[in-house]
Protein chains: 2
Amino acid sequence: MEEKQIIRWIKDHCATKQKQVRVGIGDDAAVVEYDKENYLLFTTDIVVDGVHFIAKTTSPYQVGRKALSVNISDIAAMGGTPLYALVSIGMQQKTKALVYEGIYKGILEMAKIFKVGIIGGNLSRSDVLFVDIFLIGKVRKKDIVLRSTAKPDDLLFVTGTLGGAQKEKQFSFIPRIKEAKIIIKKTKPSAMIDISDGLASDAKKLAEASNCGFEIESWRIPVSKDADVQDRISSALYDGEDYELLFTVSPKIAKNIPEKINDTQITKIGRLTKKKTFILKNKDGTKSKTFKEKFSHFS
Amino acid sequence: MEEKQIIRWIKDHCATKQKQVRVGIGDDAAVVEYDKENYLLFTTDIVVDGVHFIAKTTSPYQVGRKALSVNISDIAAMGGTPLYALVSIGMQQKTKALVYEGIYKGILEMAKIFKVGIIGGNLSRSDVLFVDIFLIGKVRKKDIVLRSTAKPDDLLFVTGTLGGAQKEKQFSFIPRIKEAKIIIKKTKPSAMIDISDGLASDAKKLAEASNCGFEIESWRIPVSKDADVQDRISSALYDGEDYELLFTVSPKIAKNIPEKINDTQITKIGRLTKKKTFILKNKDGTKSKTFKEKFSHFS
């Protein structure tokens, strides 16, 4: 049984009949009824030493900053606003207090920018350093964007640039909360997801959740200056850790999507298809029929 | 800097000014405004291999069951009802799918009993096995019980029996949700906490949060049949993992506390004091002035 099957098993067994729950497992965040105008959003994401950072080469500040940022990015992908966080840290007992302080300084830096209250948490001994964050947010009902509601022929857009984010961007990015709100205000996407595992993998997740395939035009992908010079397109497709937004818009209203939001470019890179295949088109007319999977990521 | 100082530092730096937040870091759960009659409760607790269980001798089912139960116990200690959970699991990549399934079966067993919806989560690679759960609950505003609101001379009660819980009870206990509600209905406690680190440690937390000391009469402590036969009182005071409720009641209304709730005994074990010392009185008239701390637990 692979990761996908494990997640399938979990989804099947955890299907809840609670009528307050609008969306359970399977989107960037869970969606629960709140008041007349808003839903509550719940998400959790973790950073683990050796998987999402290397403690020897990453400062505690960077670890904390990334831990909160990746969660805020999940809330952005739903069109929401982050509100409160609980922080669970595991660390060897001999670890110095300065490490805690550094991690918290990174968390608090992002918490301040996005007005997130740190309202609880937990310290535990663990042979492996990790920071697990639970983030609570809210979203106006009329603004919520799921990953499962795209239609064939919807156009595929991405914010910012992709590739090479493991070099530096993963520890310094600003989650796209503001950009998501502006996009939704201009024209509501039919679906949205944040890019954490790489464009190829996350486009596939959005397309599969929406019961579609996609066609991405490789020459349109906005490649970061940090992408691997040997194979810039593959770097943009598979590196991951970009934390940009990938979203779809009905072709009828796609003209409302701006080319830039402040300094952030918005790029049309392809479209969804009725046929459930994942196609990369090249400028010379060649097509790759499927994306290679970078790894069974468990992340 | 020790654990206590680290937590102090975190509390000081995370104090939030959000007006929706009633209680942040420092109680069994965070308390946030919800609707006219209810608060939302947020808590997180983790079980880590080598700290809260030993993977070699504990089944995945037991690990999952404990992971959710300890969180439900935190909601019980606030007088609340658990609603939704997010589950974050870290595991080595080579771990078999059966382990995930076993953990989830343990979680789902408790989720079913307490009608908790599993609405999100996360799987991650990690060299150390852990299950981190984020639990959302609610509590009627008029029923909420904090740990910081006891007064000197309030009487100290405990549910069930204490000691030796690491043998078996930690993996089989039923969190005291029902008992908490019955106690609150009969007479509202002035403060409440669940016993996870041991009676001595958690009584101290409640007393300190309430700006009091306490006097516990050792011969009144309800000692479990599983407690260490060599020193049954120390076992009940320091073993931890009991997940019973410790609560205080004003002496004026303490007569309303029943001696039993179904099969669970409720025992008066002492009282809070104005003087901020932590005293154990023995039947022969001797007193120990302070509790020894079992260990700097980081748990």
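Asn122(A) sits in strand 5 of chain A, which spans residues 117–125. The model is a predicted one. Asn122(A) counts as partly exposed, because 18 C-beta neighbours lie inside 10 Å. Burial would take 20 or more. Leaving out residues up to four places away in sequence, Asn122(A) touches Ser88(A) in its own chain. Across the chain boundary, Asn122(A) touches Thr44(B), Asp45(B) and Ile46(B).

Tyr104(A) belongs to helix 3 of chain A, residues 97–113. Is Tyr104(A) buried or exposed? Tyr104(A) is buried, because 24 other C-beta atoms lie within 10 Å and the cut-off for burial is 20 or more. Neighbours within four places in sequence aside, Tyr104(A) is in contact with Gly64(A). Tyr104(A) also contacts two residues of chain B, Ile10(B) and His13(B).

Both residues appear in a record. An unreviewed UniProt entry lists Tyr104(A), Gly121(A), Asn122(A), Arg147(A) and Ser196(A) under "binding site". These positions spread over 93 residues of sequence. They are spread in space too, with up to 31.3 Å between C-alpha atoms.

**The side of chain B that touches chain A**

The contact between the chains involves 50 residues of chain B and 51 residues of chain A. Which elements of chain B supply at least two residues each to the side that touches chain A? Two are helices: helix 1 (3–14) and helix 3 (97–113). The others are strand 2 (30–33), strand 3 (38–48), strand 4 (81–91), strand 5 (117–125) and strand 6 (130–140). Strand 5 of chain B gives the most, with nine residues. By residue type, this side of chain B divides into 27 nonpolar, 17 polar and six charged.

**The sheet of chain B**

Chain B has an open sheet of six strands with mixed pairing. The strand order is 1-2-3-6-4-5. Strand 1 (21–23) and strand 5 of chain B stand at the edges. Each has a single partner strand, so one side of each lacks a neighbour in the sheet. From one strand to the next, the twist averages 20°. Strand 5 of chain B thus has two roles here: an edge of the sheet, and the top contributor to the side that touches chain A.

Two hairpins can be followed strand by strand.

| Strands of chain B | Direction | Bridges | Residues between | Opposed residues |
|---|---|---|---|---|
| Strand 1 and strand 2 | antiparallel | two bridges | six residues | Val23(B) and Val31(B) |
| Strand 2 and strand 3 | antiparallel | four bridges | four residues | Val32(B) and Leu40(B); Ala30(B) and Phe42(B) |

In the turn between strand 1 and strand 2 of chain B, Gly26(B) has a positive phi of about 125°. Strand 2 of chain B takes part in both hairpins, with strand 1 and with strand 3.

**The helix across the sheet**

Which strands does helix 3 of chain B lie across? Helix 3 of chain B crosses strand 4, strand 5 and strand 6 of chain B. Relative to strand 4 of chain B, the helix runs at about 170°. Helix 3 and these three strands of chain B are among the elements supplying residues to the side that touches chain A.

Note on methods
Residues numbered from 1 in each chain as written. Chains lettered and ligands numbered in written order. Predicted model: local features only at pLDDT ≥ 70, side-chain atom pairs only at ≥ 80, totals over all residues. Contact = placed C-beta atoms within 7 Å. Nonpolar A, V, L, I, M, F, W, Y, C, P; charged D, E, K, R; others polar. Pairing = 2+ DSSP bridges. Axes fitted to C-alpha atoms, helices over the stretch in contact; angles between N-to-C directions. UniProt positions renumbered as here; feature names shortened; annotations may be inferred. Buried ≥ 20, exposed ≤ 12 C-beta atoms within 10 Å, placed from the backbone.
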